[in-house]
Amino acid sequence: MAVKKIRKIGDPVLREKSKNVGKIDSKLLGLVNDMIDTLNNEGGVGLAAPQIGITRRVIIVNLEGKIQTFINPVIEVLDDKKIESDEGCLSIHSIKGFCVKRFPRVKVKAKDLEGNDITLVAEDLLARIFQHEIDHLNGIMYIDHLDRKSKRELLSKINEIK
Ligand SMILES: [Zn+2]
């Protein structure tokens, strides 16, 4: 177990499409432990494997103070009227103040660490977190959802940090 370096925007690994997890072996459990240590260290609501440089379809989400693991997660949209809200990302230097449109209600299907099927309905902030983290598995970051003006503004903030 170890705290890993968070990959930041500009790192090509964040733009790769992650591969499905086949069997849940000790290597995968090690990855999940590293992700949990890293999230606890950074303090965030969720983390996707590519954010620590591993392109596998694994995300972890902080559900009411308990970190849960979702393997090969997929989403079904239950309400397609998108809602705009503030979003942040450890890979975009946790910059705040940029709003992203997301579906307010989604069904999430995944496997847990024992290989059991998980199905849950996520709403509002939680629905947003799942969409954000699953985007990472597809090489997408929240900046991609912004209009041109906001994108320019965010890029200039990122450049100030770099
Ligand atoms: Zn993110």
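The following exchange goes through a predicted model and asks how several descriptions of its parts are reached.

Reader: What makes the span of helix 1 agree with its number of residues?

Author: Helix 1 has 17 residues, which at 1.5 Å a residue should span 24 Å, and its end C-alpha atoms are indeed 24 Å apart, so the two values agree.

Reader: How do you know that the buried residues of helix 1 are on the same side?

Author: The buried residues of this helix are Leu 28, Leu 31, Val 32, Asp 34, Met 35, Thr 38 and Leu 39. They cover an arc of only 160° around the axis, and therefore they are placed on the same side of helix 1. As background, an α-helix has 3.6 residues a turn, so residues three or four places apart point the same way. On the other side of helix 1, Ser 26, Asn 40 and Asn 41 are exposed, while the buried residues pack against strand 1, strand 2 and strand 3. Just after the helix comes Gly 43, with a positive phi of about 70°.

Reader: Why is Ile 24 called partly exposed?

Author: Ile 24, in the segment before helix 1, has a relative accessibility of 29%. Buried would require under 20% and exposed over 50%, so a value of 29% counts as partly exposed. Leaving aside neighbours within four places in sequence, Ile 24 is in contact with Leu 29, Ile 71, Asp 112, Leu 113, Glu 114 and Gly 115. The C-alpha atoms of Ile 24 and Ile 71 are separated by 9.1 Å, with their positions 47 residues apart along the chain.

Reader: Why is the pair of Phe 70 and Phe 130 called edge-to-face?

Author: A pair of aromatic rings is described by the distance of the centres and the angle of the planes. The ring centres of Phe 70 and Phe 130 are 4.9 Å apart and their planes stand at 85°. Rings pair if their centres lie within 6.5 Å, and planes over 60 degrees apart count as edge-to-face, so this pair is edge-to-face. The count by this rule comes to one aromatic pair. The pair links distant parts of the chain, since Phe 70 is in strand 3 and Phe 130 in helix 2, 60 residues apart.

Reader: Are those two rings buried or exposed, beginning with Phe 70 and going on to Phe 130?

Author: Phe 70 has a relative accessibility of 0% and therefore counts as buried, and Phe 130, also with a value of 0%, counts as buried too.

Reader: What makes Asp 135 count as buried or exposed?

Author: Asp 135, which has its place in helix 2, has a relative accessible area of 12%. The cut-off for buried is under 20%, so Asp 135 is buried. Beyond its neighbours within four places in sequence, Asp 135 is in contact with Arg 102, Ile 140 and His 145.

Reader: Which residues make up the covered face of strand 5?

Author: The covered face of strand 5 holds Phe 98, Val 100 and Arg 102, whereas Cys 99 and Lys 101 are on the uncovered one. Strand 5 runs antiparallel to strand 4, to which five bridges join it, and Val 100 has Ser 85 standing opposite.

Reader: How do you know that the buried residues of helix 3 share a side?

Author: Ser 150, Leu 154 and Ile 158 are the buried residues of helix 3. Their arc around the axis is only 75°, and so they are on the same side of helix 3. These buried residues pack against strand 5, and on the other side of the helix Arg 148, Lys 149, Arg 152 and Glu 160 are exposed. As for its span, the 14 residues of helix 3 should cover 20 Å at 1.5 Å a residue, and the end C-alpha atoms are 20 Å apart, which agrees.

Reader: Why is Glu 64 called exposed, and why is His 93 called partly exposed?

Author: Glu 64 is in the loop between strand 2 and strand 3, and its relative accessibility of 84% makes it count as exposed, because the cut-off is over 50%. His 93 is in the loop between strand 4 and strand 5, and with 22% relative accessibility it counts as partly exposed. Glu 64 has a positive phi of about 50° although it is not a glycine, and His 93, not a glycine either, has a positive phi of about 55°.

Methods:
Residues are numbered from 1 along each chain as its sequence is written. This is a predicted model: local features need pLDDT of at least 70, side-chain atom pairs count only at pLDDT 80 or more; totals for chains, interfaces and linings use all residues. Side-chain values use heavy atoms; hydrogens and water are left out. Buried means under 20% relative accessible area, exposed over 50%, partly exposed in between (1.4 Å probe, protein chains only). Helices (H or I, at least four residues) and strands (E, at least two) are DSSP runs, numbered from the N terminus. Two strands pair if DSSP finds at least two bridges between them. The expected span of a helix is 1.5 Å times one less than its number of residues. The arc is that of the directions from the helix axis to the C-beta atoms. Contact means heavy atoms within 4.5 Å. Rings of Phe, Tyr and Trp (its six-membered ring) pair if their centres lie within 6.5 Å; planes under 30 degrees apart count as stacked, over 60 as edge-to-face and the rest as tilted.
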